[in-house]
Amino acid sequence: MKTEIKEQIEGYADIVKENEILRKYAVNSSFERGKVLEAINLIHPKYLYLKISKIIPETESTTTLRLVSESGYLPPFQAGQYLNLFVEINGIRSSRPYSISSSPNQTGYYDITIRRVNEGFVSDFLIESLKVGDKLTSTSPTGNFYHNPLIHGKNLVFIAGGSGITPFMSMIREVTDKVLDRNIHLIYGSRTEDDIVYRDELDDRQKSFTNLKVSHIISEPSQGYSGHTGFITGDFIRSEVGSIDDKMIYVCGPEAMYSFVLKELENLGVPRRKLRVEVFGPPADITKQPGWPEGIAKNTSFRITLRNGESIEAKAGEPLMNSLERYNKVLPASCRSGECSLCRTKLLSGKVFHPNGVKIRKSDAKYGYIHPCMAYPLEDLKLLI
Ligand SMILES: Cc1cc2nc3c(=O)[nH]c(=O)nc-3n(C[C@H](O)[C@H](O)[C@H](O)COP(=O)(O)OP(=O)(O)OC[C@H]3O[C@@H](n4cnc5c(N)ncnc54)[C@H](O)[C@@H]3O)c2cc1C
Ligand code: FES
């Protein structure tokens, strides 16, 4: 007789015996079935149904949306996590991740703070078209960009570029509101003084809490600006923070800032294990990324063939996921930055470019799986979608 694999599992026979005894004494445990999943779904629902309760203008290009739950319940989160917000714009269904900027102590709402990206598809819509009372759907809070006191210690340097301030604001609000034993030095790079988000609040919190220091640096200052100017270089970090040996460094911002700062930190000798990074959105120009093949321009067009034989057009310079969405082919997505694997798709033929930092498992690479949220076509492709 063939033995089933489950019969070889240690303890299997004991469980079968126990079930037989329970049945004999008419104890029915089957009603418990599915209860664990029910509890998990309650605490960590797949989708959140949210309503805008307030719109807070922050700077000329940045707005905060205060989101409350339609059901009255918002799952807890770790300061630094994000929501992936689903939208439908002119018939195209898409999504974008936004870090929660409010503190996890605040359980009644989530704030997300959005900066308008030039010619951006979703950021412009969120800022310009939504009003109080509008409904939105999102994922539950997710992501790994948060502080773990056991591993990361209590001396933290936050390096933010532009809208990359949002996860740090959540962390700063949490640490100061709860008076946690942590020392934070925020280095915050903005284009102009007027672009500094949460400027007054950062000033106030810095005055009230000795464990928070804030250093602003402005890359395009107005005439007469007396603060620090330029980019976030290694020298600037060192001069503001002093020794970095005993500190955990967090970096968050758009791809261009992240690549620049990472090199500076490397030159300072900061080891990778002392660094936590989050990149906001795809590179503005993928063709300038290291490893991009010569001779393929941003606007080069390729044909993408799907399993039903349908064929769509995709531009080399745009993430494949965006091109698919334009034809109403919506893949599961959460991070849209090549991290979470949710959009993983089998590539049957053709070649794509994944920029540095996209995490493809070894087995996925071997068997031809790609992350369309951060994959750029370099040839005509066939996808198993
Ligand atoms: C984990 C995470 C958290 C984030 N948190 C925040 C936050 O708190 N606040 C915030 O403001 N942002 C945040 N972002 C960024 C955000 O998700 C969006 O990427 C951002 O709002 C831009 O979206 P968009 O649709 O407006 O721009 P997109 O339309 O996606 O454009 C993004 C870039 O791609 C280029 N591009 C777009 N379409 C094309 C095309 N057809 N051809 C060539 N290039 C093209 C654009 O030039 C632009 O530089 C976060 C991102 C991540 C990954
Ligand atoms: S959506 Fe996360 S890897 Fe693509």
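This passage describes the fold, the cores and the ligand surroundings of a predicted model.

The protein chain has 385 residues, and 34% of them count as buried. Its C-alpha atoms fill a box of roughly 85 × 55 × 50 Å along the principal axes. Ten helices and 19 strands make up its regular elements. Among contacts in the protein chain with a separation of 6 or more, 69% join residues 24 or more positions apart.

Four domains divide the protein chain. Domain 1 covers residues 5-42, and domain 2 covers 43-139. Domain 3 follows at 151-280, and domain 4 at 288-383. The centres of domain 1 and domain 2, taken over C-alpha atoms, are separated by 41 Å.

Strand pairing is considered next, beginning with β1. Strand β1 spans residues 47-59, and strand β2 spans residues 62-69. These two strands run antiparallel and are joined by eight bridges. A hairpin of two residues leads from β1 to β2. Across this pair, lysine 54 stands opposite arginine 66 in β2. Strand β2 also pairs with β5, which holds residues 110-115. Here six bridges form, and the strands again run antiparallel. Leucine 67 has tyrosine 110 of β5 as its bridge partner.

A second set of strands forms an open sheet of six. The order is β10-β9-β8-β7-β11-β12, and the pairing is parallel. Strands β10 (228-229) and β12 lie at the edges, where each pairs on one side only. Within this sheet, β8 and β9 run parallel and share seven bridges. Tyrosine 188 stands opposite histidine 216 in β9.

Another open sheet has five strands, in the order β14-β13-β19-β15-β17. Its pairing is mixed. The edge strands are β14 (311-315) and β17 (369-370), and each has a partner on one side only. Strand β13 (residues 301-305) runs parallel to strand β19 (residues 381-383). Two bridges join them. In one of these pairings, isoleucine 304 has leucine 381 in β19 as its bridge partner.

The nonpolar cores come next. In soluble globular proteins, nonpolar side chains tend to be buried together. The largest nonpolar core in this model has 38 residues. Phe158, Ile159, Phe168 and Ile187 have the most contacts inside it. Several strands give two or more residues to this core: β7 (155-161), β8 (183-190), β9 (212-218), β11 (248-254) and β12 (275-280). Helices α5 (166-177) and α8 (255-267) do so as well. Isoleucine 187 illustrates the contacts. Leaving aside residues up to four places away in sequence, isoleucine 187 touches Val157, Phe158, Ile159, Ser215, Ile217, Ile232, Ile237 and Glu240. Apart from this core lies another, of 18 residues. Its members include Cys343, Leu347, Val352 and Tyr376.

Ligand 1 has 31 residues around it. Those that come nearest are Gly120, Val122, Ser123, Thr166 and Gly281. Four elements give two or more residues to this shell: β4 (92-99), β5, α3 (122-129) and β12. Strand β5 is thus a partner of β2 and a contributor to the ligand shell. Strand β12 is an edge of the six-stranded sheet and gives residues to both the largest core and the shell around ligand 1. By residue type, the shell divides into twelve nonpolar, ten polar and nine charged residues.

Two backbone angles deserve notice. Most residues other than glycine have a negative phi. Asparagine 328 departs from this pattern, with a positive phi of about 65 degrees. Arginine 336 also has a positive phi, near 50 degrees. Asparagine 328 lies in the loop between α9 (320-326) and β15 (345-349). Arginine 336 is found in the loop between α9 and β15 too. Their surroundings can be set side by side. Asparagine 328 counts as exposed because it has 10 C-beta neighbours inside 10 Å, and the cut-off for exposed is 12 or fewer. Arginine 336 has 24 other C-beta atoms within 10 Å, so it is buried; the cut-off here is 20 or more.

Definitions and conventions. Residues are numbered from 1 along each chain as its sequence is written. Chains are lettered from A and ligands numbered from 1 in the order in which they are written. This is a predicted model: local features need pLDDT of at least 70, side-chain atom pairs count only at pLDDT 80 or more; totals for chains, interfaces and linings use all residues. Two strands pair if DSSP finds at least two bridges between them. Domain bounds come from an automatic or database domain assignment. A nonpolar core is a set of buried Ala, Val, Leu, Ile, Met, Phe, Trp, Tyr and Cys residues joined through C-beta atoms within 7 Å. Two residues are in contact if their C-beta atoms, placed from the backbone, lie within 7 Å. A residue is near a molecule or strand if its C-beta atom, placed from the backbone, lies within 6 Å of it. Ala, Val, Leu, Ile, Met, Phe, Trp, Tyr, Cys and Pro count as nonpolar, Asp, Glu, Lys and Arg as charged, and the others, Gly among them, as polar.
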